[in-house]
Amino acid sequence: TENDKEYLVTAEIPGAKKEDVRVSVDGSYVSISAEIKKDEEKKLGRSIVRETYRGSVSRGFSLASEVDDKNAVAKLEDGVLRLTLPKREGSAHKVLKIQ
């Protein structure tokens, strides 16, 4: 979502830990990537079942205005990444008058 001052981005990344998520901002381009590692072991009677999952996800997108990367905030809670990306001052779009 977008308002006059900032962009609010929500991305679901189930199974990711905050140390495995990387968010980078370059002007108006935002990149999110994560390496997901999951190891699970269950004992069923005399048998042990072990499952291992490894995967990576990434997404990049361009915004209409440049981001003030010094004041941007990223939080990961319960597999949901929330980004607050303030718009950079002076990067507002200007409509040109046709002469």
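A salt bridge is taken here as a side-chain nitrogen of Lys or Arg within 4 Å of a carboxyl oxygen of Asp or Glu, and by this criterion the side chains of Asp-69 and Arg-88 meet in a salt bridge with an N to O distance of 3.5 Å. Asp-69 belongs to the loop between β4 and β5 whereas Arg-88 belongs to the segment after β6, so the pair ties together parts that are 19 residues apart in sequence. The structure is a predicted model, in which local features need pLDDT of at least 70 and side-chain atom pairs count only at pLDDT 80 or more, while totals for chains, interfaces and linings use all residues. Residues are numbered from 1 along each chain as its sequence is written, and side-chain values use heavy atoms, with hydrogens and water left out.

Strands are DSSP runs (E, at least two residues; helices would be H or I, at least four), numbered from the N terminus, and two strands are regarded as paired if DSSP finds at least two bridges between them. One open sheet consists of three strands in the order β1-β6-β5, with antiparallel pairing. Its edges are formed by β1 (6-12) and β5, each of which has a single partner strand, so one side of each is left without a neighbour in the sheet. Neighbouring strands of this sheet are turned by 15 degrees against each other on average, direction ignored; the axes are lines fitted to C-alpha atoms (for helices over the stretch in contact), and angles run from 0 to 180 degrees between N-to-C directions.

Within this sheet, β1 and β6 run antiparallel and are joined by seven bridges, with Val-9 standing opposite Leu-83 in β6. On the other side of the pairing scheme, five bridges join β5 to the antiparallel strand β6 (residues 80-86); among the facing positions, Val-73 stands opposite Thr-84, Ala-74 opposite Leu-83, and Leu-76 has Leu-81 as its bridge partner. Five of the seven residues of β6 are buried, so this strand is largely enclosed by the rest of the structure; the accessibility classes are buried (under 20% relative accessible area), exposed (over 50%) and partly exposed in between, computed with a 1.4 Å probe on protein chains only. The strands β5 and β6 form a hairpin with two residues between them. In the turn, Asp-78 has a positive phi of about 55 degrees although it is not a glycine, and at 83% relative accessibility this residue counts as exposed.

A further open sheet of three strands has the order β2-β3-β4, again with antiparallel pairing. Here β2 and β4 stand at the edges with a single partner strand each, so one side of each lacks a neighbour in the sheet. The average turn between neighbouring strands of this sheet is 5 degrees, direction ignored. Strand β3 (residues 29-44) pairs with β4 in the antiparallel sense over 16 bridges, and Leu-44 stands opposite Ser-47 in β4.

Val-25 is placed in strand β2 (residues 21-26) and, at 24% relative accessibility, counts as partly exposed. Leaving aside neighbours within four places in sequence, Val-25 is in contact (heavy atoms within 4.5 Å) with Val-30, Val-67, Asp-69 and Leu-85. The C-alpha atoms of Val-25 and Arg-54 are 26 Å apart in space, at a sequence separation of 29 residues.

The structure holds six salt bridges. Arg-54 forms one of these with Asp-39, the closest N and O atoms being 3.3 Å apart, and the pair links Arg-54 in strand β4 to Asp-39 in strand β3, 15 residues apart. Arg-54 is partly exposed, with a relative accessible area of 46%, whereas Asp-39 counts as exposed at 56%. Another salt bridge joins Glu-66 to Arg-88, with the closest N and O atoms 2.7 Å apart. Glu-66, Asp-69 and Arg-88 are thereby linked in a network of salt bridges, in which Glu-66 is partly exposed at 34% relative accessibility, Asp-69 at 42% and Arg-88 at 32%.

Asp-68, in the loop between β4 (47-62) and β5 (73-77), is buried yet has no salt bridge, and the nearest side chain of opposite charge, Arg-88, is 5.2 Å away; in this assignment Lys and Arg count as positive and Asp and Glu as negative, with His and the chain ends not counted. The side chain of Asp-68 makes a polar contact with the side chain of Asn-71 at 2.6 Å. A polar contact is a pair of N or O atoms within 3.5 Å, where within protein one must be able to donate a hydrogen and the other to accept it, and residues adjacent in sequence count only if both atoms are side-chain atoms. Beyond neighbours within four places in sequence, Asp-68 is in contact with Pro-86, Lys-87 and Arg-88.
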